[in-house]
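Subject: Structure handover

Hello,

Here is the structure I promised to pass on. Please open it beside this message, and then read my notes below.

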Amino acid sequence: MSTCVFIQIRCRPGTTYKVAEAITLREIHSELYSTSGDFDLMMKLYIPSGADVGVYINNNLLDIDGIERSLTTMTFKAF
């Protein structure tokens, strides 16, 4: 069973559209939104079963040029 995480992404000024396009081309996200506030993008991502969350995010997302900072929120089955 995969793990669902939400990742907020802050981009360097002027790079948000390029970052969003790069994420889209990698086809790793479930959903991707532009947001207002401290972060520019929010994505919903399913981490494959057995994969290390941090390593997966580092290897598949955070090497995109223009990403300045990210905040990952883990989800857990509540019921």
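Is Glu-27 buried or exposed? Glu-27 is exposed, because its relative accessible area is 68%. Before going further, please note that this is a predicted model.

**The loop after H1**

Stay with Glu-27 for a moment. This residue is found in the loop between helix H1 (16–26) and strand S2 (29–34). Its phi is near 55°. That is a positive value, in a residue other than glycine. Most residues other than glycine have a negative phi.

**Strand pairing**

Next, the strands. Strand S1 covers residues 3–11 and pairs with S3. The sense is antiparallel, over seven bridges. S1 also pairs with strand S4, residues 67–74. That pairing is antiparallel too, again over seven bridges.

Ile-7 is a handy place to see both pairings. Opposite Ile-7 in S3 stands Met-43. In S4, the bridge partner of Ile-7 is Thr-72.

**Lys-44**

Lys-44 deserves a look. The residue is found in strand S3, which spans residues 41–47. Lys-44 counts as buried because its relative accessible area is 19%, and the cut-off is under 20%.

What does Lys-44 touch, leaving aside residues up to four places away in sequence? The list is Cys-4, Val-5, Phe-6, His-29, Ser-30 and Glu-31. The side chain of Lys-44 also has a polar contact with the side chain of Tyr-46, at 3.4 Å.

**The cysteines**

Cys-4, one of the residues touched by Lys-44, leads to the next point. How many disulfides does the structure hold? The count is zero. Cys-4 is in no disulfide, and the nearest cysteine sulfur, that of Cys-11, is 20 Å away.

Why is there no bond from Cys-11 to Cys-4? The sulfur of Cys-11 has its closest cysteine sulfur in Cys-4, and the 20 Å between them is too far for a bond. A disulfide would need the two sulfur atoms within 2.5 Å.

Both residues are buried: Cys-4 has a relative accessible area of 13%, and Cys-11 has one of 5%.

**The loop between S1 and H1**

Two residues to find here are Pro-13 and Thr-15. Pro-13 is found in the loop between S1 and H1, and so is Thr-15. Their exposure contrasts. Pro-13 counts as exposed, because its relative accessibility is 77%. Thr-15 is buried, with a relative accessible area of 14%.

Thr-15 has a backbone partner as well. A polar atom of its side chain lies 2.6 Å from the backbone oxygen of Arg-12.

**Around Phe-39**

Pro-13 also gives a way to locate Phe-39. The two are 26 residues apart in sequence. In space they are 11 Å apart, C-alpha to C-alpha.

Which residue lies over the face of Phe-39? It is Arg-10, at 5.1 Å from the ring centre. As for rings pairing with rings, the structure holds zero aromatic pairs.

**Where to start**

If time is short, begin with Ile-7, which faces Met-43 in S3 and has Thr-72 as its bridge partner in S4. Then go to Lys-44 and its polar contact with Tyr-46. Finish at Glu-27, with its positive phi.

Best wishes

Terms used. Residues are numbered from 1 along each chain as its sequence is written. This is a predicted model: local features need pLDDT of at least 70, side-chain atom pairs count only at pLDDT 80 or more; totals for chains, interfaces and linings use all residues. Side-chain values use heavy atoms; hydrogens and water are left out. Rings of Phe, Tyr and Trp (its six-membered ring) pair if their centres lie within 6.5 Å; planes under 30 degrees apart count as stacked, over 60 as edge-to-face and the rest as tilted. A charge sits over a ring if NZ of Lys or CZ of Arg is within 6 Å of the ring centre and within 35 degrees of the ring normal. Helices (H or I, at least four residues) and strands (E, at least two) are DSSP runs, numbered from the N terminus. Buried means under 20% relative accessible area, exposed over 50%, partly exposed in between (1.4 Å probe, protein chains only). A polar contact is a pair of N or O atoms within 3.5 Å; within protein, one must be able to donate a hydrogen and the other to accept it, and residues adjacent in sequence count only if both atoms are side-chain atoms. Contact means heavy atoms within 4.5 Å. Two strands pair if DSSP finds at least two bridges between them.
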